[in-house]
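Here is a protein to look at, with some questions on what its parts are called and how one can tell. Each answer sets a value against a rule.

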Amino acid sequence: MLIDTHCHLDFPDYDADRNEVISRAKKNGVEYLINIGSSLKGSRDSAALAKQFNNIYAACGIHPHDADAITDPDLEEIQSLSAGDKVVAIGEIGLDYFKNFSQPENQLKLFRKLNRLAKDMNLPVIIHCREAEKDVLQVLKEEAPVRAVVHCFSGNSQFLRSCLDLGFFVSFTCNITYKKAQLLRDVLKLVPFERLMLETDAPFLPPQDLRGKRNEPMHVKGLCAEVAKIKGVTFAEVERATTANAIEFFQIK
Ligand code: NI
């Protein structure tokens with residue numbers, strides 16, 4: 001049994017065939033999906049998907065891209081959504097200095113507020129970090145989340161070391177299959193199994209042989225095989241470790 005710990009099935013990319021996508025995941029051994037809200041609407045839709053489907057759990061959060069526009073009532077809504085039965089994390093939240101769609105100071109403010117909200121709700125956080133390693137570490141050191149996962153890990157070995165030292169988990173996507181991703185594969189080799197999770201970030205980042213197409217949660221299976229190859233272990237070992245980590249991290253019952 002595998003778990004896709006980060007997908008966005010609320011996106012319109014799946015409007016035509018969402019049910020098929022979910023059943024294809026199951027057929028491929030991807031038993032549970034954590035659907036991640038990355039906006040206020042996404043968080044509402046994510047919580048609704050978790051209500052609708054037995055095997056879907058939700059995270060609610062606001063992407064740093066939206067930081068300039070977020071109001072206090074928006075945050076209150078995130079808080080009330082996150083009290084839902086199957087809402088298992090606050091995310092995705094973080095800092096993105098690569099695109100800088102919102103002012104860095106607003107991103108920082110929002111990131112801190114959402115970390116505090118997560119702590120109030122006793123929920124773990126799912127971190128988006130792009131070219132903002134130093135500030136992400138600083139904020140998380142100060143806010144001390146109950147648990148944290150750095151999603152779509154794309155940092156170097158030094159950033160990995162810092163994340164592991166702080167007790168964080170890291171999750172990897174199908175971008176480890178890309179031809180130019182050798183550095184990322186080298187970093188993956190350094191990740192201890194007890195801190196590793198798998199995700200697709202679907203619809204983004206499809207595996208190498210499907211580039212340009214839509215990704216979907218069933219591809220966690222291929223991802224698991226690829227991780228096993230890179231780390232020189234069996235599929236079953238990666239499956240067992242990453243699934244146990246996800247169940248514990250998200251407290252899936
Ligand atoms: Ni995402």
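## Pockets, a metal site and odd angles

Strand 4 (87-96) and strand 5 (125-130) each give at least two residues to the lining of the largest pocket. The model is predicted.

Q: Which strand gives the largest share of the lining of the largest pocket?
A: Strand 5 does, with 3 residues. The lining has 20 residues, and nearest the centre lie H63, H65, H128, D201 and F204. The volume is about 530 Å³.

Q: What makes up the lining of the largest pocket by class?
A: There are 9 polar, 6 charged and 5 nonpolar residues. Asp, Glu, Lys and Arg count as charged. D201 is an Asp close to the centre, so it falls in the charged class.

Q: What is known of the second largest pocket?
A: It holds about 220 Å³ of space. Of its 13 lining residues, D85, V88, F250, Q251 and K253 are the closest to its centre. Strand 4 and helix 9 (235-250) each supply at least two residues of this lining. By class, the lining has 7 nonpolar, 2 polar and 4 charged residues.

Q: Which atoms are called donors of the nickel ion, and why?
A: A donor is an N, O or S atom within 2.8 Å of this metal. H6 (NE2), H8 (NE2), E92 (OE) and D201 (OD) lie 2.2 to 2.3 Å from the nickel ion. These atoms are therefore within the cut-off and count as donors.

Q: Why is the site of the nickel ion called irregular?
A: The angles among its 4 donor atoms run from 85 to 178°. A tetrahedral site needs all angles between 85 and 135 degrees. The value of 178° breaks that rule, so the site is not tetrahedral. The site is classed as irregular.

Q: How are the donors of the nickel ion spaced along the chain?
A: The spacing is H-x1-H-x83-E-x108-D. H6 in strand 1 (residues 2-7) and E92 in strand 4 are 86 residues apart, a pair that links distant parts of the chain.

Q: Are the donors H6, E92 and D201 buried or exposed, and how do you know?
A: Buried means under 20% relative accessible area. H6 has 1%, so it is buried. E92 has 3%, so it is buried. D201 has 8%, so it is buried as well.

Q: What makes the peptide bond between G91 and E92 stand out?
A: It is cis, with omega of about 5°. Most peptide bonds are trans. E92 sits in strand 4. A second cis bond runs from A202 to P203, with omega near 15°. P203 is in the loop between strand 8 (196-198) and helix 8 (220-231).

Q: What is unusual about phi in N122 and D201?
A: Phi is about 55° in N122, a positive value although N122 is not a glycine. Phi of D201 is near 55°, again positive in a residue other than glycine. Most residues other than glycine have a negative phi. D201 lies in the loop between strand 8 and helix 8. N122 lies in the loop between helix 4 (104-120) and strand 5.

Q: Why is N122 called exposed, but D66 partly exposed?
A: Exposed means over 50%. N122 has 55%, so it is exposed. D66 has 30%, which lies between the cut-offs of 20% and 50%, so D66 is partly exposed. D66 is in the loop between strand 3 (56-60) and helix 3 (72-82). D66 and S39 are 27 residues apart in sequence, yet 7.2 Å apart in space, C-alpha to C-alpha.

Q: How do you know that C129 and C174 are in no disulfide?
A: A disulfide needs two cysteine sulfurs within 2.5 Å. The structure holds 0 disulfides. For C129, the nearest cysteine sulfur is that of C163, 7.6 Å away. For C174, the closest is in C152, at 9.8 Å, too far for a bond. C129 is buried at 7%, and C174 is buried at 1%.

Q: Which residues line the largest cavity?
A: They are T5, H6, I126, V149, H151, S171, M197, E199 and F250. The volume of the largest cavity is about 30 Å³. By class, its lining has 4 nonpolar, 4 polar and 1 charged residues.

How values were computed: Residues numbered from 1 in each chain as written. Predicted model: local features only at pLDDT ≥ 70, side-chain atom pairs only at ≥ 80, totals over all residues. Heavy atoms only, no water. Buried < 20%, exposed > 50% of the residue type's maximum accessible area, 1.4 Å probe, protein only. 1 Å grid on protein atoms, 1.4 Å probe; cavity = no way out; pocket = protein on both sides within 12 Å on 5 of 7 lines; lining within 4 Å. Points joined across faces, edges and corners; volume = space filled by probe spheres on them. Helix = DSSP H or I, 4+ residues; strand = E, 2+ residues; numbered from the N terminus. Donors = N, O, S within 2.8 Å, 3.2 Å for Na, K, Ca; no water. Tetrahedral: all angles 85-135°; square planar, octahedral: opposite > 155°, others 65-115°.
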